[in-house]
Amino acid sequence: MKRLGFRTAGESHGKGLIAVLERLPAGFSVDVHAIDAMLARRRKGFGRSARQSMENDAVEILTGLKRGKTIGAPLTLFVRNKDVRIDAYRELHRPRPGHADLAGAVKFGTKDVADVMERASARETAARVAAGAVASQILSAVGISVFGWVSRIGSVALGGNPEIPDAASVREASPVGSLDPEADGRAVALIEALREAGDTVGGEFSVVARGVPVGLGSHAEWDSRLDGRLAQALMSIPAIKSVEVGDGAQSAMAQGLTYHDPIVPDGAGGVDRPTNRAGGIEGGISNGMPIVVRGAMKPIPTVRKPLPSINLQTGDPEEAVWERSDVCSVPAVSVVAEAMAALVLLDALLEAVPSDALDHLLTGTDALRARARGLTRSERPIRP
Ligand code: EPS
């Protein structure tokens, strides 16, 4: 993060999860119910384990607010765990292939993989979602929306159009967080069959951000590029194996004359782009088109029918540890991806429009948008 401070802390079976956000603009009214609603979306989704019905994931805001408004101080969000037993957990010595268990145990010099799995667990993403919900609210105040959905579960491709006016209610009604009611049944049947078989499945999420002004991110330094910042944030979500922007991997098969999005005057002083293969980012800078990203999630590595492993105490071959697990958590990941994208976009906006207070952010964002609107007007002064 360049301007926004963002950190999470907490373990899967400790007291709870914490997110701290620094340098938020002062004067913003935080909607706690909207944070809880996003946390509820993360818990939902067909294929989750019993853990999700044990937790109720209501956020408590510990610091940074006065009468519900930010005051320019660090905002601390706390999501309390109900399943608290970190100190009572038995030692676990059989690492799960695909999880952080083995490499983490070697790294931290332990044979008890529970030391590693407590923090590596995707339970941590509850804190990311709480923080992302706040970022989304601030972005919404300046006319930027961020929307995530599930576009594939294993072999079942899930289509649907995020541009339809009731996309949020279609997603809400879907058992897997998709925009494709006709294909949902096949996705549910696949998850059901894999639950029976003691197996797991991954999939794909998509996120679109609309209303992003031209000019977030920068071509000037490698680590300022907006696509790179989004990719790192999305790739940091547990179990994500690839991230694409716009046409992504398909771009490798394209040719220049037909691939690039033409630039045309919009007749109102600005420009339009009839296509959006770039996914709203060119040269690492937002170009005013919707930002479109996708990511692939591998199957969850905690499987009921255990994979081959070893006992770290004896070195003997044994089956990997299993207690309970999700069969599919792509619906949850689509919410986490939406949260992470919102945090990156807010960071990039605060970098472009450094704002101590909300009114600065509102006027600064308007000024950023005015530049793009005046692009094709010859009388437009570049500088006053
Ligand atoms: C998760 C909570 C965890 C897991 C899951 C995600 O709960 P528990 O370990 O108590 O069953 O269900 O974690 C993983 C997928 C993982 O690989 O660690 C949650 O709240 O998202």
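This briefing walks through a helix with a buried side, a nonpolar surface patch and a few backbone angles to look at. The model is predicted. Helix α3 spans residues 101-108, and a good place to begin is with the way its residues are turned.

**Helix α3**
- Asp101, Gly104 and Ala105 are the buried residues of α3.
- These three sit on the same side of the helix, because they cover an arc of only 100 degrees around its axis.
- An α-helix has 3.6 residues a turn, so residues three or four places apart point the same way.
- Among the elements covering the buried residues of α3 is α4 (114-120).
- On the face turned away from the buried side you will find the exposed residues Ala103, Val106 and Lys107.
- Glycine 109 follows α3 and has a positive phi, near 65 degrees.

**Positive phi outside glycine**
- Most residues other than glycine have a negative phi.
- Arginine 23 has a positive phi, near 65 degrees, and belongs to the loop between β2 (16-22) and α1 (32-43).
- Arginine 23 counts as partly exposed because its relative accessibility is 42%.
- Alanine 239 also has a positive phi, near 80 degrees, and lies in the loop between α8 (226-235) and β10 (240-245).
- With a relative accessibility of 19%, alanine 239 counts as buried, because buried means under 20%.

**A nonpolar surface patch**
- Ile263, Val271 and Leu375 make up a nonpolar patch on the surface, and together they have about 280 Å² of accessible area.
- Within this patch, valine 271 belongs to strand β12 (residues 271-272).
- Valine 271 has 35% relative accessibility, so it counts as partly exposed.

Note on methods: Residues numbered from 1 in each chain as written. Predicted model: local features only at pLDDT ≥ 70, side-chain atom pairs only at ≥ 80, totals over all residues. Heavy atoms only, no water. Patch = residues over 30% accessible without salt bridge, like charges linked within 9 Å, V, L, I, M, F, W, Y side chains within 5 Å. Areas by Shrake-Rupley, 256 points an atom, 1.4 Å probe, with all protein chains shown as cover. Salt bridge = Lys/Arg side-chain N within 4 Å of Asp/Glu carboxyl O. Helix = DSSP H or I, 4+ residues; strand = E, 2+ residues; numbered from the N terminus. Buried < 20%, exposed > 50% of the residue type's maximum accessible area, 1.4 Å probe, protein only. Arc of directions from axis to C-beta. Contact = heavy atoms within 4.5 Å.
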